[in-house]
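Hi,

Here is the structure I promised to pass on to you. Have a look at it first, and then read my notes below.

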Amino acid sequence: MTGLADIQMGIGAASWGRSLLWHYGRTHTEHDIRAAFDVISASPWVMIDTAELYGFGQSESYIGQFATEQEHHPPVATKCFPYPWRWTGTVLLDAVRSSLRRLNRAQIDLYQMHWPFPPVKIPQWMKALAQAAEEGLVRAVGVSNYSIQQTQLAFDTLAKYGVQLASNQVKYNLLDRTIERNGLLDLCNRLGVRIIAYSPLQLGLLTGKYTPANPPTGLRGTLYRQRLTIIQPLIQTMRDIGRAYTADGVVKTPAQVAINWCICKGTMPIPGAKNAKQARQNIGAIGWRLSTEEVAALDNMSSKTITKLERLR
């Protein structure tokens, strides 16, 4: 089975189930996400990222259902949500077993704490994660949305039990490089903790499909109008770079360049996919690599763009 270190990217399955945010049932159906699963299963370097919170278990259940129809099962990462009624860390073991049943698996490849919310303290959650690893319920353990201090505490606590903190899933993309500024990326690199970058396309802004003349529909379009004007030079740089990777007349898209940039930064990006077409497009971001000079050019344009965006606040 492919290990976490070998995974180049993930596909986020937050939209695989009932959700007001992702419009499941209107923009995509079970047929669509089953087709996306089939595309993911064909690649040995891609992981599915889900959580018990997504669709309140429906995302995990779909993955478990689809897996019974495939010979190759892609690696799966899921998460435990610190609901306020979970008063002790030991309930994590029950959550793991519930996820295992929904996923139809004997072991989860990567199991993460979704947020560092109270009332349970981080050391208690880490002790439970270590126990889940010791019992063989999970192959690796991680956290999500943890700050520098919280990541260090999680790492140190797990180390007492002989368990390595494998990952920290946080937001990271060309328009949000907070983890570079606050030192979290450097800390994780020093500790050998893999950054899993969610929202690598910044809710579609980095795909290039939206412009000031063609904004998203609804309130998002109104909110994004100024931002769309500001980011166009960055999008154009991404288009120019993508043309250098033309194969069979097909150029790499801005979205694929944005995802590849995350990979070049040593992170594992996890763009979402609602259907097979989106899954294929996302997976098209691997199998090639931006040059050092191209990464530097994107860094420079990204920094200028972020500075301009911050003036809007």
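Keep in mind that this is a predicted model. I started with the aromatic rings, and a search of the whole structure turns up eight aromatic pairs. One of them is Tyr62 with Phe66, a stacked pair with 5.6 Å from centre to centre and 10° between the planes. Where do these two sit? Both are in helix H2 (residues 58-67), and because they are four residues apart there, about one helical turn separates them. As for exposure, Tyr62 is buried and Phe66 is buried too.

Now compare that with Phe81 and Tyr83. Their ring centres are 4.9 Å apart and their planes stand at 55°; tilted means neither under 30 degrees nor over 60, so this pair is tilted. Phe81 and Tyr83 are both buried. They also belong to one aromatic cluster, together with Trp85, Trp115 and Phe117.

Next, back to H2, because it has a helix packed against it: H1 (residues 30-41) lies with its axis 10 Å from that of H2, at an angle of about 60°. The two helices are therefore oblique to each other, and H1 passes H2 in a right-handed crossing.

Which residues meet there? From H1 come Glu30, Ile33, Arg34 and Phe37, and from H2 come Tyr62, Ile63, Gln65, Phe66 and Ala67. Sorted by type, the residues of this contact are six nonpolar, one polar and two charged. Notice that Tyr62 and Phe66 turn up again here, the two rings of the stacked pair.

Cheers

Definitions and conventions:
Residues are numbered from 1 along each chain as its sequence is written. This is a predicted model: local features need pLDDT of at least 70, side-chain atom pairs count only at pLDDT 80 or more; totals for chains, interfaces and linings use all residues. Side-chain values use heavy atoms; hydrogens and water are left out. Rings of Phe, Tyr and Trp (its six-membered ring) pair if their centres lie within 6.5 Å; planes under 30 degrees apart count as stacked, over 60 as edge-to-face and the rest as tilted. Buried means under 20% relative accessible area, exposed over 50%, partly exposed in between (1.4 Å probe, protein chains only). Axes are lines fitted to C-alpha atoms, for helices over the stretch in contact, and angles run from 0 to 180 degrees between N-to-C directions. Angles under 35 degrees count as roughly parallel, over 145 as roughly antiparallel, 65 to 115 as roughly perpendicular and the rest as oblique. A crossing is left-handed if the near helix is turned anticlockwise from the far one by less than a right angle, and right-handed if clockwise. Contact means heavy atoms within 4.5 Å. Ala, Val, Leu, Ile, Met, Phe, Trp, Tyr, Cys and Pro count as nonpolar, Asp, Glu, Lys and Arg as charged, and the others, Gly among them, as polar.
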